[in-house]
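Okay, thanks everyone, let me get the next one up on the screen. Have the sequence handy too, since I'll be pointing at residues as I go.

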Amino acid sequence: MADRILIVARMDPENARKVAELFAASDATSLPGDLGVTRRELFHYHDDLYLHLVEFAGDADHAMAAARVRDDFRRLCADLDPLVSPYDPETWRGPADAAATSFYRWTPEGGPRLP
């Protein structure tokens, strides 16, 4: 079953190019394929909102658990740290705390779905 997550954080829009370059370099490695990533999109909105949509061939939670133990993922996170910050630093303990909660989904094949 395919899955996706939407990560919400803060980023100065001036950092968008550098963040994109870091992901482009990482996405050129085996990391996305190893984790089952099938698509990634990065967005910024207004002055400081950062949105990161990641789609997976399988379960997103499983993929993220596998990512956390990889050195290449940790390096990417360390490189992103000065550029992207938690949306709510007081409640952030890890990436799961930055994931938006889906409350409605529609597809032509499956129709509307409410959680």
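I'll go through the sheet, then the helices, and finish on one glutamate. Keep in mind that this is a predicted model.

So, the sheet. There are 4 strands in an open sheet, ordered E2-E3-E1-E4, and the pairing is antiparallel. E2, residues 37-45, and E4 are at the edges with a single partner strand each, so each has one side left without a neighbour in the sheet. On average, neighbouring strands here are turned by 35° against each other, ignoring direction. Over at the E4 edge, E1 and E4 run antiparallel and are joined by 3 bridges. If you want a landmark there, look for arginine 10, which stands opposite serine 85 in E4.

Now the helices. H1 lies across E1, E2, E3 and E4, and runs at about 175° to E2.

Next is H3, residues 60-68. Which of its residues are buried? They're Ala60, Ala63, Met64 and Ala67. Look down the axis of H3 and those buried residues fall within an arc of 95°, so they line one face of the helix. If you want the background, an α-helix has 3.6 residues a turn, so residues three or four places apart point the same way. On the face turned away from the buried side, H3 carries the exposed residues Asp61 and His62. And what does the buried side of H3 pack against? Strand E1 (3-11), helix H2 (31-35), E3 and helix H4 (71-80). There's also a cap at the N-terminal end of H3: aspartate 59 has a side-chain oxygen 3.3 Å from the backbone nitrogen of aspartate 61.

On to H4. Here Phe73, Leu76 and Leu80 are buried. They cover an arc of only 60° around the axis, which puts them on the same side of H4. The buried residues of H4 pack against helix H1 (16-27), H2, H3 and strand E4 (84-86).

Last stop, the glutamate. It's glutamate 55, in strand E3, residues 49-56. Buried or exposed? Glutamate 55 counts as buried, because its relative accessibility is 18% and the cut-off for buried is under 20%. As for what is around it, leave aside the neighbours within four places in sequence, and glutamate 55 is in contact with Asp3, Arg4, Gly36, Val37, Thr38 and Arg39.

That's my tour, so over to you for comments.

Notes: Residues are numbered from 1 along each chain as its sequence is written. This is a predicted model: local features need pLDDT of at least 70, side-chain atom pairs count only at pLDDT 80 or more; totals for chains, interfaces and linings use all residues. Side-chain values use heavy atoms; hydrogens and water are left out. Helices (H or I, at least four residues) and strands (E, at least two) are DSSP runs, numbered from the N terminus. Buried means under 20% relative accessible area, exposed over 50%, partly exposed in between (1.4 Å probe, protein chains only). Contact means heavy atoms within 4.5 Å. The arc is that of the directions from the helix axis to the C-beta atoms. A polar contact is a pair of N or O atoms within 3.5 Å; within protein, one must be able to donate a hydrogen and the other to accept it, and residues adjacent in sequence count only if both atoms are side-chain atoms. Two strands pair if DSSP finds at least two bridges between them. Axes are lines fitted to C-alpha atoms, for helices over the stretch in contact, and angles run from 0 to 180 degrees between N-to-C directions.
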